[in-house]
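Colleague: I should like to learn how to read a protein model feature by feature. Would you take me through one?

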Amino acid sequence: SYGYEIRCSLIQLARAFCIIARNGQDIQLQLIRATTKSPIPTTNDTRLYQPETIEMLKKMLEATAKRRRRRASPLDAYRIMSKTGTANILIDGEYNPDRNLYTCAGIIESLSRTEHPYQRVIVVLVKEVPRKNMYAATVAAPLFDIIAEKVVIHDKAL
């Protein structure tokens, strides 16, 4: 699909990126309020997509992320795969071009840990910004990068 042909929740988008990160293996996400331990997502052995298809998709997402990332950062040691989206908000049955949602969903992956590859999925949503004529690449993607850098730094400290 392209443009407004598809609609999904942030949880559905996050699950889709988790399936990509898991090379096509299915996963059921869990919503939690608070926990002292990391929750364990429900997984199963169902393969939804072939690894070759997923790798092709990962390469496309990686190329998209590389086009927008120009500065050096702690993320340079990781494979970053992401996609942005800009959408007008539906108000009274019509899309308002002056009110937007900006998303960036992606995967941080480092295969340097051979036993347990490091992976994180991040989904960012920004609803409406004061400036006009903005796009997710300039609104949500920089926020994705900031969060990803913080996650990587935090996880290294553990």
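**A buried serine and its surroundings**

Modeller: Leaving out residues up to four places away in sequence, Ser 82 touches Leu 61, Thr 64, Ala 65, Arg 68, Cys 104, Ala 105, Gly 106 and Phe 144. Please keep in mind that this is a predicted model.

Colleague: Where is Ser 82 found, and is Ser 82 buried or exposed?

Modeller: A residue is called buried when its relative accessible area is under 20%. Ser 82 is found in strand β3, and its relative accessibility is 0%, so it counts as buried.

Colleague: How should I describe the chain as a whole, and what pattern does it follow along the sequence?

Modeller: One begins with the helices and strands. The protein chain has 3 helices and 5 strands, and along the sequence they follow the pattern α-β-β-α-β-β-β-α. Of its 158 residues, 32% are buried. Among contacts between residues at least 6 apart in sequence, 51% join residues at least 24 apart.

Colleague: How does one check the length of a helix, and what span should helix α1 have?

Modeller: The expected span is 1.5 Å times one less than the number of residues. Helix α1 covers residues 10-21, so its 12 residues should span 16 Å, and its end C-alpha atoms are indeed 16 Å apart.

Colleague: Which residues of α1 are buried, and what covers them?

Modeller: The general idea concerns the direction in which side chains point. An α-helix has 3.6 residues a turn, so residues three or four places apart point the same way. In α1, the buried residues are Leu 13, Ala 14, Phe 17, Cys 18, Ile 19, Ile 20 and Ala 21. Their cover includes β1, α2, β3, β4 and β5. After α1 comes Asn 23, which has a positive phi near 55°.

Colleague: Where else is phi positive in a residue that is not glycine?

Modeller: Glu 128 has a phi near 55° and is not a glycine; Asn 133, with a phi of about 60°, is not a glycine either. Glu 128 is found in the loop between β5 and α3, and Asn 133 lies in the loop between β5 and α3 as well. Glu 128 is partly exposed at 30% relative accessible area, whereas Asn 133 counts as exposed at 71%.

Colleague: How do I recognise a salt bridge, and how many does a search of the whole structure find?

Modeller: One looks for a side-chain nitrogen of Lys or Arg within 4 Å of a carboxyl oxygen of Asp or Glu. The search finds 7 salt bridges. One of them joins the side chains of Lys 58 and Glu 109, at 3.1 Å from N to O. Lys 58 is in helix α2 and Glu 109 in strand β4, so this pair ties together parts that are 51 residues apart in sequence.

Colleague: Are these two residues buried or exposed?

Modeller: Lys 58 counts as buried at 2% relative accessibility, and Glu 109 is buried with a relative accessible area of 3%. Glu 109 also meets Arg 79 in a salt bridge of 3.6 Å, N to O. Because Glu 109 lies in strand β4 and Arg 79 in strand β3, that pair ties together parts 30 residues apart in sequence. Arg 79 is buried as well, at 17%. Glu 55, Lys 58, Glu 62, Arg 79 and Glu 109 are linked in a network of salt bridges.

Colleague: With which residues is Asp 155 in contact, leaving aside its neighbours within four places in sequence?

Modeller: They are Tyr 118 and Arg 120. The side chain of Asp 155 makes a polar contact of 2.5 Å with that of Tyr 118 and a salt bridge of 2.9 Å, N to O, with that of Arg 120. Asp 155 lies in helix α3 and Arg 120 in strand β5, so the salt bridge ties together parts that are 35 residues apart in sequence. Asp 155 is buried at 15%, while Arg 120 is partly exposed at 34%.

Colleague: What of the surface: which residues form a nonpolar patch there?

Modeller: Tyr 4, Leu 90 and Tyr 95 form it, with about 300 Å² of accessible area together. Leu 90 is placed in strand β3 and is partly exposed, at 43%. Asn 88 is also found in strand β3; among the residues it touches are Tyr 4 and Tyr 95. A polar contact of 2.6 Å joins the side chains of Asn 88 and Asn 100.

Note on methods: Residues are numbered from 1 along each chain as its sequence is written. This is a predicted model: local features need pLDDT of at least 70, side-chain atom pairs count only at pLDDT 80 or more; totals for chains, interfaces and linings use all residues. Side-chain values use heavy atoms; hydrogens and water are left out. Patches are made of residues with over 30% relative accessible area and no salt bridge: like charges are joined within 9 Å, nonpolar side chains (Val, Leu, Ile, Met, Phe, Trp, Tyr) within 5 Å. Accessible areas come from the Shrake-Rupley method with a 1.4 Å probe; for residues, only the protein chains shown count as cover. Helices (H or I, at least four residues) and strands (E, at least two) are DSSP runs, numbered from the N terminus. Buried means under 20% relative accessible area, exposed over 50%, partly exposed in between (1.4 Å probe, protein chains only). A polar contact is a pair of N or O atoms within 3.5 Å; within protein, one must be able to donate a hydrogen and the other to accept it, and residues adjacent in sequence count only if both atoms are side-chain atoms. Contact means heavy atoms within 4.5 Å.
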